[in-house]
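Welcome! Let us take a friendly walk through a protein model, one part at a time. Keep the picture in view as you read.

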Amino acid sequence: MKVKIQLNQLIEAVQDVMKAVSSRTTIPILTGIKMEVTYDGVHLTGSDSDISIERLIPVEEGDLVHIEVKQEGSVVLPARYFSEIVKKLPNESVEIEVGERFETTLRSGASEFSLLGLDPEEYPRLPQIEENLVFEIQSDLLKTMIRQTVFAVSTSETRPILTGVNWTLSDGVLNCIATDSHRLAQRKMPIDSQAEELSFQNVVIPGKSLNELSKILDESAEKVQIVVTNNQILFKAKNILLFSRLLDGNYPDTSKLIPSESKTTFVLKTKEFLQAIDRASLLAREGRNNVVKLATLDNQTIELSSNSPEIGKVFEHMIAEEIEGEELKISFNAKYVMEALKVMDYLEISILFTGAMRPFLIQPVSDDSIRQLILPVRTY
């Protein structure tokens, strides 16, 4: 194998596939990056057996030539050293040549590195996926959808199914739900008409896989093709394939958790409310549970407060756009509410309360495609 590659292209591709490489794997070859050179380009693959990313550097794009292929072939290179080396090479291009026993030479400018490679035949093959269930989403919308749900997955392995985001597709609408049992994030999105006859239930994608996918997607209107099977999901974007295993088990039915009516409703400016909670929680953060209390003072003023016995108290008053319904006193985890507000890309939100000990719902005033449900904290 012998190839000359533009360095900026190689660095970008290596950074993308590194997101799937784990240093803690029990399979030694998976600490490497597989590099395969063919006359259509260089394919790089990284995997930790749960998530695999393949990135293609094409020979040319438009008028730009990225690669000069002198001899086809493949090798597995130690990921950590390979990624560190390519970042620091001095020239604009690098020549990579594989000799006997997979010894690999990298030459760039006055630098020459020799790395001991591994046999690519021992590298696990990427899953072969039947493309029966396929639909498309714009790259920027998919990134937004991930951002608005994935933060609410559980980080505890006691219920592994909750460490993923549950996707359901029916009647041309994709519904994504994440919960850690203290809060729930939901985002719905209509999918192009081609998906109307498609449907699936209980597809649970690990939060980690979605986070890595979000990092390598562009903020563009380009379409990402999504292929779903029984135990794998494949995302195909420009020059990138990301495979992820799906989580086993049944996701809990969350449809009954979302309240259909409210006893008290607020309409608030999103940014103003977020900043007020941020200030009100300053003294509570030292405490175990970061609790902020909220109370209505009259039909347009709310009070946020917290106290920490060793530090002090804080009171924050805010004029609401609108308050309807019964008087209210409720306590909540400030971190959960702030995380929910940060993904609301709307100027105003409405908050629907059904009582001091019932979950409350945060959603945009005129749109229920994104909803955040939060469980209050019992304070005495």
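R55 is buried, with a relative accessible area of 7%; buried means under 20%, exposed over 50%, and partly exposed in between (1.4 Å probe, protein chains only). Before we go on, note that this is a predicted model, where local features need pLDDT of at least 70, side-chain atom pairs count only at pLDDT 80 or more, and totals for chains, interfaces and linings use all residues. Residues are numbered from 1 along each chain as its sequence is written, and side-chain values use heavy atoms, with hydrogens and water left out.

**Salt bridges**

What does R55 form with E12? The two form a salt bridge, with their closest N and O atoms 3.7 Å apart. The term stands for a side-chain nitrogen of Lys or Arg within 4 Å of a carboxyl oxygen of Asp or Glu, and by this rule the count comes to 23. R55 lies in strand β4 and E12 in helix α1, so their salt bridge ties together parts that are 43 residues apart in sequence. Helices (H or I, at least four residues) and strands (E, at least two) are DSSP runs, numbered from the N terminus. E12 is partly exposed, at 43% relative accessible area.

Here are three of the salt bridges:

| Pair | Closest N to O |
|---|---|
| R55 and E12 | 3.7 Å |
| R107 and E97 | 3.3 Å |
| E339 and K335 | 3.7 Å |

R107 and E97 also belong to a network of salt bridges that links K70, E95, E97, R107 and E112. E339 and K335 are four residues apart in helix α6, about one helical turn.

**The sheet**

Now to an open sheet of eight strands, with antiparallel pairing in the order β8-β2-β3-β4-β19-β18-β17-β12. Two strands pair if DSSP finds at least two bridges between them. β8 (73-78) and β12 (133-138) stand at the edges with a single partner strand each, so one side of each is left without a neighbour in the sheet. The partnership of β12 with β17 (residues 223-228) runs over six bridges, and in it E136 stands opposite Q225.

**Helix α2**

Which residues of helix α2 (residues 79-88) are buried? They are A79, F82, S83, I85 and V86. These residues cover an arc of only 165 degrees around the axis (taken from the directions from the helix axis to the C-beta atoms), which puts them on the same side of α2. The face turned away from that buried side carries the exposed residues R80 and K88.
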